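Okay, thanks for coming, everyone. I'd like to walk you through the packing in this one, so have a look at the screen.

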Amino acid sequence: MNDEARQQALKILERRDVSRKMLLDKLTEKGISRADAEEVADWLCGLGVVNDERFAGLVVRHYAAKGYGRRRIRDELYRRGIDREFWDGALAGLPETDDTVDRLLSARLRGTVSPEALQRAQSYLLRRGYSWDEVCAATERYLSGKDIP
């Protein structure tokens, strides 16, 4: 096994957790051949140091804590090269979205109910990865004044 590839991989992993694909990309960016990068990635996966299933859970928890919706989190899992076989297990740990959407909508509107402000707030929630159904339900709860923190 290439010692330089191994050292570069360990330096990358010292900074933060990464998926197998991210590790391969970073190693090849540093001039390591694809074959050597794959050998080192396989070695680290075998040791359990690189674990895409654990990394998927970490990504989901991180973005959920920031208030992002399921669609945006799925985009992040895809962008980071995590195999789809790990998505469902990681996404199963997502909390219910009602409280988060309600809180974000309330913070965005701050008591305002003008059509323009409401449309901007709804667009904001859609960009954060919430479905139209979730946004509509939160809007209805906000306008009815029920269950809003």
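Quick bit of vocabulary before we start: when I say contact, I mean heavy atoms within 4.5 Å. And keep in mind that this is a predicted model.

So, let's begin with Ile-73. Which residues is Ile-73 in contact with, leaving aside its neighbours within four places in sequence? Well, you get Val-60, Tyr-63, Ala-64, Tyr-68, Leu-91 and Leu-94.

Now zoom out a bit. The largest nonpolar core has 30 residues, and Ile-73 is among those with the most contacts inside it, along with Leu-23, Leu-77 and Ile-82. Helices 1 through 6 each give two or more residues to that core. Helix 4, residues 52-65, gives the most, with six. Then, apart from that core, there's another one, of 13 residues, including Leu-104, Leu-118, Tyr-124 and Tyr-130.

Okay, helix 5, which is 70-79. The buried residues there are Ile-73, Glu-76 and Leu-77, and yes, there's a Glu in that list. Looking down the helix axis, those buried residues fall within an arc of 100 degrees, so they line one face of helix 5. That fits the usual picture: an α-helix has 3.6 residues a turn, so residues three or four places apart point the same way. The buried residues of helix 5 pack against helix 4 and helix 6. Turned away from that buried side, you find Tyr-78 and Arg-79, both exposed. After the helix comes Gly-81, with a positive phi, near 75 degrees.

Next, helix 9, residues 132-144. With 13 residues, helix 9 reaches 18 Å from first C-alpha to last, close to the 18 Å expected at 1.5 Å a residue. Which of its residues are buried? Val-135, Ala-138, Thr-139, Arg-141 and Tyr-142. Their arc, seen down the axis, is 165 degrees, so here too the buried residues line one face of the helix. What covers them includes helix 7, 97-109, and helix 8, 115-127. Over on the other side, Asp-133 and Glu-140 are exposed. And just after helix 9, Gly-145 takes a positive phi of about 75 degrees.

Last stop, the rings. Searching the whole structure turns up one aromatic pair. There are also arginines over tyrosines: the charged end of Arg-108 sits over the ring of Tyr-124, 3.8 Å from its centre. Likewise, Arg-128 has its charged end over the ring of Tyr-68, at 4.1 Å from the centre. Remember Tyr-68? That's one of the contacts of Ile-73, so to speak where we came in.

Key. Residues numbered from 1 in each chain as written. Predicted model: local features only at pLDDT ≥ 70, side-chain atom pairs only at ≥ 80, totals over all residues. Heavy atoms only, no water. Phe/Tyr/Trp six-rings, centres within 6.5 Å; stacked < 30°, edge-to-face > 60°. Lys NZ or Arg CZ within 6 Å of the ring centre and 35° of its normal. Helix = DSSP H or I, 4+ residues; strand = E, 2+ residues; numbered from the N terminus. Expected span 1.5 Å × (residues − 1). Buried < 20%, exposed > 50% of the residue type's maximum accessible area, 1.4 Å probe, protein only. Arc of directions from axis to C-beta. Core = buried A, V, L, I, M, F, W, Y, C linked by side-chain atoms within 4.5 Å.
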